[in-house]
Amino acid sequence: MLIIIGVANGGNSNPKASQPVVSASTASTQSTSTKQTSDPVQKQSASQPDFTIKVTGSSGVHFSGDVMVASSDDSSNSETISASVPKTITIQKAAKISVVFQNQGATGSFNVAIYHDGTLVKEGSTSSQYGAVTVASQLY
């Protein structure tokens, strides 16, 4: 399943030009459906993401937390995510991202990795009961 979430514009007069776009999907061995959007900017950007957050580990581990996105125009936004491992989150049009996810259960482990244009930037993991992972990218 692909979910596309538009993040609020920081007062920019052309919101589609610099608005960060966050989308999330859950990896699965079953067939995956894609939600289509009529916004041509999102369609064009979806093929070339700036950042990808991959959450891997013990299958089914539930986690929640925030993804903070800073744009090159000094605006910033935050999205709350609640999901289960495995999870992939794609962010376009961002200069920097920061992720804080917490294990919502007593067992299992998970790893959070940030990629910028396919290159690993930062990763962290936890196997602690209700443990948290915080990772952030450099400013691009």
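Which residues have the most contacts inside the largest nonpolar core? In this predicted model, the core in question comprises 21 residues, and I53, I91, F101, F110 and V112 have the most contacts within it. Its members are drawn from several strands: strand 3 (51–57), strand 4, strand 5, strand 6 (87–92), strand 7 (96–103), strand 8 (110–116) and strand 10 each contribute at least two residues. In soluble globular proteins, nonpolar side chains tend to be buried together.

Strands 4, 5, 7 and 10 also form an open sheet, in which the order is 5-4-7-10 and the pairing is antiparallel. The edges of this sheet are occupied by strand 5 (76–84) and strand 10 (132–136); each has a single partner strand, so one side of each lacks a neighbour in the sheet. On average, and ignoring direction, neighbouring strands of the sheet are turned by 15° against each other. Strand 4, spanning residues 62–70, is joined to strand 5 by nine bridges, and the two run antiparallel. Within this pair, V69 has N77 of strand 5 as its bridge partner.

A further antiparallel pairing links strand 3 with strand 6 through five bridges. One of the residues with the most contacts in the core, I53, has I89 of strand 6 as its bridge partner. Strand 6 is mostly covered, with five of its six residues buried.

The environment of T52, a residue of strand 3, was examined next. T52 has a relative accessible area of 15%; because this value falls under the 20% cut-off, T52 is classed as buried. Beyond its neighbours within four places in sequence, T52 is in contact with T88, I89, A113, I114 and Y115. Among these contacts, I89 is also the bridge partner of I53 in strand 6.

A second buried position lies outside the strands. G131 is located in the loop between strand 9 (119–126) and strand 10, and its relative accessibility of 9% places G131 in the buried class. When residues up to four places away in sequence are not counted, G131 touches F101, Q102, N103, F110 and T126. Two of these, F101 and F110, are named among the residues with the most contacts inside the largest nonpolar core. G131 and F63 are 68 residues apart along the chain, and their C-alpha atoms are separated by 9.6 Å.

How values were computed
Residues are numbered from 1 along each chain as its sequence is written. This is a predicted model: local features need pLDDT of at least 70, side-chain atom pairs count only at pLDDT 80 or more; totals for chains, interfaces and linings use all residues. Side-chain values use heavy atoms; hydrogens and water are left out. Two strands pair if DSSP finds at least two bridges between them. Helices (H or I, at least four residues) and strands (E, at least two) are DSSP runs, numbered from the N terminus. Axes are lines fitted to C-alpha atoms, for helices over the stretch in contact, and angles run from 0 to 180 degrees between N-to-C directions. A nonpolar core is a set of buried Ala, Val, Leu, Ile, Met, Phe, Trp, Tyr and Cys residues joined through side-chain atoms within 4.5 Å. Buried means under 20% relative accessible area, exposed over 50%, partly exposed in between (1.4 Å probe, protein chains only). Contact means heavy atoms within 4.5 Å.
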